[in-house]
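This report describes the model shown below. Please keep the structure in view while reading.

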Amino acid sequence: TVDATWISPAEALRKAATGERKVIFPTRMNIQLLAEASSAEDAILRARSRTLVTVLPEVEDRPEGKVLTLPPHAGYGVVAEPLSSVM
């Protein structure tokens with residue numbers, strides 16, 4: 001960590017998308033989950049209701065290139081991220 005700031009999950013995702021901030025892939029996946037919550041209390045309730053899953057990303061060769069995927073049961077939705085964007 002080289003810097004820290006308190007911002008909303010939506011703002012962190014926006015800054016990551018514009019390149020204003022570097023947010024590594026695993027952190028971005030969890031920020032996306034936080035962004036779905038309407039409040040801190042809602043985020044805690046959502047976390048408590050989730051099944052804890054060990055997430056093992058996989059790299060797949062696809063026609064468009066290598067993509068990083070997460071298992072659907074991990075709770076992040078369908079994830080197929082170009083490998084070049086997570087490095």
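pLDDT is the predictor's confidence in each residue, on a scale from 0 to 100. The term is needed here because this is a predicted model. The mean pLDDT of the protein chain is 90, and 98% of its residues reach 70 or more. Among the elements of the chain, α1 has the highest mean pLDDT, at 95, while β3 has the lowest, at 90.

**The sheet**

Strands of a sheet pair through backbone hydrogen bonds, either parallel or antiparallel. In this model three strands form an open sheet in the order β1-β2-β3, and the pairing is antiparallel. β1 (58-62) and β3 stand at the edges with a single partner strand each, so one side of each has no neighbour in the sheet. On average, neighbouring strands of this sheet are turned by 35° against each other, direction ignored.

The pairing can be followed strand by strand. β1 and β2 form a hairpin, with two residues between them. Their antiparallel pairing runs over five bridges, and the bridge partner of Glu58 in β2 is Thr69. β2 and β3 are also antiparallel, with four bridges between them. Thr69 stands opposite Ala80 in β3, and Leu70 has Val79 in β3 as its bridge partner.

Which side chains of β3 are buried? In a regular strand the side chains alternate between the two faces of the sheet. Along β3, Val79 and Glu81 point to one face and are buried. Ala80 and Pro82 point to the other face and are not buried.

**Helix α2 and its surroundings**

Helix α2 (residues 25-35) lies across β2 and β3 and runs at about 140° to β3. The buried residues of α2 are Phe25, Arg28, Met29, Ile31 and Leu33. What covers these buried residues includes α1 (9-18), β2 (65-70) and β3 (79-82). An α-helix has 3.6 residues a turn, so residues three or four places apart point the same way.

**Salt bridges**

How many salt bridges does the model contain? The count comes to eight. The table lists three pairs, with the distance between the closest N and O atoms or from N to O.

| Pair | Distance |
|---|---|
| Arg28 and Glu81 | 2.9 Å |
| Arg62 and Glu60 | 2.9 Å |
| Glu20 and Arg14 | 3.5 Å |

Consider the salt bridge between the side chains of Arg28 and Glu81. Arg28 lies in helix α2 and Glu81 in strand β3, so the pair ties together parts that are 53 residues apart in sequence. Is Arg28 buried or exposed? Arg28 is buried, because its relative accessible area is 14% and the cut-off for buried is under 20%. Glu81 also counts as buried, at 16% relative accessibility. Both residues have appeared above: Arg28 among the buried residues of α2, and Glu81 on the buried face of β3 together with Val79.

The other two pairs in the table have partly exposed members. Arg62 is partly exposed at 32% relative accessibility, and its partner Glu60 is partly exposed with a relative accessible area of 29%. In the remaining pair, Glu20 has a relative accessible area of 47% and is partly exposed. Arg14 is partly exposed as well, with a relative accessible area of 37%. Glu20 and Arg14 also belong to a network of salt bridges, in which they are linked with Glu11 and Lys15.

**An acidic residue in helix α3**

Asp42 lies in helix α3 (residues 40-49). With a relative accessibility of 18%, Asp42 counts as buried, because the limit is under 20%. Which residues does Asp42 touch, not counting those up to four places away in sequence? The residues touched are Glu36 and Ala37.

Technical notes. Residues are numbered from 1 along each chain as its sequence is written. This is a predicted model: local features need pLDDT of at least 70, side-chain atom pairs count only at pLDDT 80 or more; totals for chains, interfaces and linings use all residues. Side-chain values use heavy atoms; hydrogens and water are left out. Buried means under 20% relative accessible area, exposed over 50%, partly exposed in between (1.4 Å probe, protein chains only). Contact means heavy atoms within 4.5 Å. A salt bridge is a side-chain nitrogen of Lys or Arg within 4 Å of a carboxyl oxygen of Asp or Glu. Two strands pair if DSSP finds at least two bridges between them. Axes are lines fitted to C-alpha atoms, for helices over the stretch in contact, and angles run from 0 to 180 degrees between N-to-C directions.
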